[in-house]
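The exercises below ask the reader to work through a protein structure step by step. Please study the sequence and the structure before reading each solution.

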Amino acid sequence: MKFARTALLISGLSGSLLAGISSAHAASTDPITPTASDFAAMAQCKALQTKYPSLKGKDLVVGLGGYTKGFEAPSEKDPSIIEGLDPSLFERISSCLGAKHSYQSGSFNVLLTSISSGRADIGPMLYVTEERMKQIAFVASMQVQDGSVLAQGNPKKINSVDDLCGKTVAAAAGSYEANKLVPEQSAKCSAAGKPEVSMLMVQNTDNSIQAVKSGRADVYLTEAGSAVAIAKADKSLQSGFTVDLPIMVGFPIAKDNATLRAAVLDAMKVIQESGAQKKLLDYWGQGSAAERPVVARG
């Protein structure tokens, strides 16, 4: 599946948010240090607990609108535990603030409404778009990056988007890559007097992989973490260059919940200063190069 941060869609449950499915700190599945308990003991976090006393001991409700492997999904070892980048960060944020958290699962199309209405306090990382910022605020700390899937050995010597001139790119129909990245790069190639980029429109990830394996496409462009995972699963492929997209990713929080927004921003600053977010980005497959200084948006 082209994951939710890329396609901006998550299929799944319908209706309003359902009952909680996992409690906070229900056995962390990442080995990264500093751990959640380490943050609870940090002087910077003790200071934040004094700064935001209303959050100490509070159960923060994390709304989920589906699952995305690497970001949040049931653990294969214990499906009652939600694991991934978001839960790893939520554990550290809540520990730093002296709070707790639990998860509520529901349909994606009501997630932002649930947060803005107060039924959930915060959500998983989503694309920060102008349209969404009309409804919700964000604490953003990641740049969206595309990665590339190439034939093993990179026989066409494609090392950056500038090498795509005259090449064939597999891209999912309706995706950012198909609608913006490839056409814009093709126009640059043409303006420089080079062959345009050809695009092979595909319907899903499997078709894209097969296109590269069969030689019908020279490269498949997709979210960076997905590109790494695809290459790890198939030895005939390799992941290649990355490219920043003009989109950040952040935790959605209600605009009128100023205390939580400020507290999460401050906690994320501590987490970034400790180096934990970069380690977690690498551990969960998104890549540490995606980290950006945390900012409040919306």
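The model is predicted, and the exercises on it follow, each with a worked solution.

**Exercise 1. Two helix pairs**

Determine how helix H3 is oriented relative to H10 and relative to H4.

Solution.

Step 1. Consider first H3 (residues 43-51) and H10 (residues 258-274), whose axes come within 10 Å and cross at roughly 175 degrees. Angles over 145 degrees count as roughly antiparallel, and H3 and H10 are therefore roughly antiparallel to each other.

Step 2. Identify the residues in this contact. H3 contributes Gln 44, Cys 45, Leu 48 and Lys 51, while H10 contributes Asp 266, Ala 267 and Val 270. Sorted by class, the contact of H3 with H10 has 4 nonpolar, 1 polar and 2 charged residues.

Step 3. Turn to H4 (residues 85-97), which packs with H3 at an angle of about 65 degrees, the axes being 7 Å apart. Angles of 65 to 115 degrees count as roughly perpendicular, so H3 and H4 are roughly perpendicular to each other.

Step 4. Identify the residues of the second contact. Here Cys 45, Leu 48 and Gln 49 of H3 meet Ser 95, Cys 96 and Leu 97 of H4. The contact of H3 with H4 comprises 4 nonpolar, 2 polar and no charged residues.

**Exercise 2. The surroundings of a tyrosine**

Decide whether Tyr 52 is buried or exposed, and state which residues are in contact with Tyr 52.

Solution.

Step 1. Locate the residue: Tyr 52 is in the loop between H3 and strand E2 (59-64).

Step 2. Compare its accessibility with the cut-off. Buried means under 20% relative accessible area; at 8%, Tyr 52 therefore counts as buried.

Step 3. List the contacts, leaving aside neighbours within four places in sequence. Tyr 52 is in contact with Leu 97, Thr 259, Ala 262, Ala 263 and Asp 266. Leu 97 also belongs to the contact of H3 with H4, and Asp 266 to that of H3 with H10.

Step 4. Set sequence distance beside spatial distance. Tyr 52 and Arg 297 are 245 residues apart in sequence, and their C-alpha atoms are 20 Å apart in space.

**Exercise 3. Backbone geometry in loops**

Find where Pro 34, Asn 154 and Lys 157 lie, and describe the backbone at each place.

Solution.

Step 1. Recall the usual case: most residues other than glycine have a negative phi, and most peptide bonds are trans.

Step 2. Examine Pro 34, which is in the loop between strand E1 (20-23) and helix H2 (36-41). The peptide bond from Thr 33 to Pro 34 is cis, with omega near 0 degrees.

Step 3. Examine the loop between strand E7 (137-151) and strand E8 (168-172), which holds Asn 154. Lys 157 lies in the loop between E7 and E8 as well. Phi is positive for Asn 154, near 50 degrees, and for Lys 157, about 55 degrees.

Step 4. Assess accessibility. Asn 154 is buried, at 8% relative accessibility, whereas Lys 157 is exposed, with a relative accessible area of 56%.

**Exercise 4. Two residues in strands**

Establish which residues Val 243 touches and which residues Asp 146 touches.

Solution.

Step 1. Place both residues. Val 243 is in strand E12 (residues 243-253), and Asp 146 is in strand E7.

Step 2. Check burial. Val 243 is buried at 17% relative accessible area, and Asp 146 is buried at 1%.

Step 3. Compile the contacts, not counting residues up to four places away in sequence. Val 243 touches Val 144, Gln 145, Asp 146, Val 161 and Leu 181. The residues that Asp 146 touches include Glu 177, Leu 181, Leu 221, Phe 241 and Val 243.

**Exercise 5. The largest pocket**

State the volume of the largest pocket and how many residues line it.

Solution.

Step 1. The volume of the largest pocket is about 590 Å³.

Step 2. Its lining consists of 25 residues, and Lys 69, Gly 70, Gly 225, Ser 226 and Ala 229 lie nearest the centre.

Step 3. Helix H8 (205-214), strand E10 (219-223), helix H9 (224-233) and helix H11 (276-283) each supply at least two lining residues. H9 gives the most, with 6 residues.

Step 4. By class, the lining divides into 10 nonpolar, 9 polar and 6 charged residues.

How values were computed:
Residues numbered from 1 in each chain as written. Predicted model: local features only at pLDDT ≥ 70, side-chain atom pairs only at ≥ 80, totals over all residues. Heavy atoms only, no water. Axes fitted to C-alpha atoms, helices over the stretch in contact; angles between N-to-C directions. Helix = DSSP H or I, 4+ residues; strand = E, 2+ residues; numbered from the N terminus. Parallel < 35°, antiparallel > 145°, perpendicular 65-115°, else oblique. Contact = heavy atoms within 4.5 Å. Nonpolar A, V, L, I, M, F, W, Y, C, P; charged D, E, K, R; others polar. Buried < 20%, exposed > 50% of the residue type's maximum accessible area, 1.4 Å probe, protein only. 1 Å grid on protein atoms, 1.4 Å probe; cavity = no way out; pocket = protein on both sides within 12 Å on 5 of 7 lines; lining within 4 Å. Points joined across faces, edges and corners; volume = space filled by probe spheres on them.
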